[in-house]
Amino acid sequence: MKPIITYSLRPDAADSDEYYRTIAAFADEWLAQSIPQVQDLVAGFREYHLQRSGADLSEAEYTFELLALGVLLREHGREARRMPAWLERWMPRLIALQAKSARTENAFKSLRGWLGWIAGRGYDGGKSQDDVQQLIRWFRANDETTKGKRFESWHGYFLSGGELFLQEAVSKCLTLADAFAISSRERLGKYTPNVGHFLSTEAPRYRHRYDAGFIARTRIEYHLGMLGTEILNQAYRQRFLATRQKMVILPPCMCAPAEKCQAVETPFGAKCQACTPGCRVNQITKLGEKRGFHVTIIPDDVKVFRSGKGTESIGLVGVSCALTNWNGGWQTGELGIPAQGLLLDYVGCKFHWDKEGIPTDTNLKKLQEILGN
Ligand code: SF4
Ligand code: SF4
């Protein structure tokens, strides 16, 4: 049995089959209950959004976006209000410099970690009139541009109705989030048993690191990620199935042992060289050869597909952990790539979670079901 660092989709079983039944049922229940509560807001936004030639989404996706806004305001609103203006100016520059060279990457990560820590200690911006705007700025400073962009459209719509409408809309999002905190804890809490322990014992040691905010995500954010992956999969399903080719993107944390990995870099990510028979990536690659799908290893799901050229004929399956997967769904959606998300059964990479790195795993049965095999 692998140690549970934060979450596990197989808390008391050998596989995560039961989790997939639970999350499907929970998503149906949550949508049935929540769609009527924000129907007016969704209908108004849809009209506003389509007039500005935005792509239309399903009612379930819009409702989930309102929940995500509520949860993120609930969990990070205070932090966002406290963010000094200099941090917002400097962080995007450091992130851009970090991406330029592998040689200096760690130096910039370290600088980001210290600046984030200093910013969190000092300034208190007090009460903000517009918490959504502040949260969007905070996303920009934290390399979360996809979320920022997504909420900018909602913010524009809220503002178009005036100050009172903005406050009412925010209050509805927070109400959704409060109810979700309770219902998701009841239904999904068994999969996130160690998040609280990790936050109180391990997270403080990360306080000067660039990923201090990422690893300090709360339990409700894991549950949000689980629901998000499920809802986005339903929304993109038909377009994904209609694609001619399928590609599975695996994260490097699945390689075993990662430090001896012989995978060879290609323009579409790293290709497994079958050096270790027990390695999950190797097994999935072999399955792909038999069933006709490609497999690649990419640390950041979609950067490689940023050009968007020819990607409409490729259906992607992005495998990653519960905190990152739904955001990958928004990113691929933005690029027009039909994608499906599949969660790692637990986290374990040495970039963020464990000094040595624990090889991660996913549900092969679910993978084949997603691929339509
Ligand atoms: S089997 Fe493939 S993915 Fe696994 S360690 Fe070897 S080269 Fe890397
Ligand atoms: S554990 Fe999560 S964050 Fe770490 S490499 Fe794997 S998918 Fe990425």
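Student: Which helix of the chain has the lowest mean pLDDT, and which has the highest?

Tutor: Start with the general idea: where pLDDT is low, the predicted coordinates should not be read in detail. This is a predicted model, and among its elements helix α5 (residues 105-121) comes out lowest, with a mean pLDDT of 76. Helix α1 (residues 17-34) sits at the other end, with 98.

Student: What is the mean pLDDT of the chain, then?

Tutor: The chain averages 89, and 93% of its residues reach 70 or more.

Student: Okay, on to domains. Which domains does the assignment give?

Tutor: There are domain 1 (17-226) and domain 2 (238-371). Their centres, taken over C-alpha atoms, are 24 Å apart. As for contacts, 26 residues of domain 1 meet 16 residues of domain 2.

Student: Where does the largest nonpolar core lie with respect to the domains?

Tutor: To place a core, look at who gives residues to it. Domain 1 and domain 2 both contribute here, so the core lies between them. It has 103 residues, and Met226 and Trp353 have the most contacts inside it. Helix α3 (residues 59-82) gives the most, with 11 residues.

Student: What does Trp353 touch, leaving out residues up to four places away in sequence?

Tutor: Quite a list! Among them are Ile5, Thr6, Phe198, Tyr206, Tyr222 and Leu323. There is also a second, separate core of seven residues, including Met247, Ile314, Leu316 and Ala339.

Student: Now the ligands. Which residues are around ligand 2?

Tutor: Trp353 turns up again, together with Pro251, Cys253, Ser320, Cys321, Leu344, Gly348, Cys349, Phe351 and His352. Sort that shell by class and you get seven nonpolar, three polar and no charged residues.

Student: And how many residues surround ligand 1?

Tutor: Ligand 1 has 13 around it, and the closest are Cys261, Cys272, Gln273, Cys275 and Cys279. By class, nine are nonpolar, four are polar and none is charged.

Student: Let me try a single residue. Is Glu152 buried or exposed?

Tutor: Here you need the cut-offs: buried means under 20% relative accessible area and exposed means over 50%. Glu152 has 35%, so it counts as partly exposed. You'll find Glu152 in helix α7 (residues 145-160).

Student: What does Glu152 touch, again skipping residues up to four places away in sequence?

Tutor: Glu152 touches Ile136 and Arg140. For a sense of distance, try Ser200: it is 48 residues from Glu152 along the chain, and their C-alpha atoms are separated by 33 Å.

How values were computed. Residues are numbered from 1 along each chain as its sequence is written. Chains are lettered from A and ligands numbered from 1 in the order in which they are written. This is a predicted model: local features need pLDDT of at least 70, side-chain atom pairs count only at pLDDT 80 or more; totals for chains, interfaces and linings use all residues. Side-chain values use heavy atoms; hydrogens and water are left out. pLDDT is the predictor's confidence in each residue, from 0 to 100. Helices (H or I, at least four residues) and strands (E, at least two) are DSSP runs, numbered from the N terminus. A residue is near a molecule or strand if one of its heavy atoms lies within 4 Å of it. Ala, Val, Leu, Ile, Met, Phe, Trp, Tyr, Cys and Pro count as nonpolar, Asp, Glu, Lys and Arg as charged, and the others, Gly among them, as polar. A nonpolar core is a set of buried Ala, Val, Leu, Ile, Met, Phe, Trp, Tyr and Cys residues joined through side-chain atoms within 4.5 Å. Buried means under 20% relative accessible area, exposed over 50%, partly exposed in between (1.4 Å probe, protein chains only). Domain bounds come from an automatic or database domain assignment. Contact means heavy atoms within 4.5 Å.
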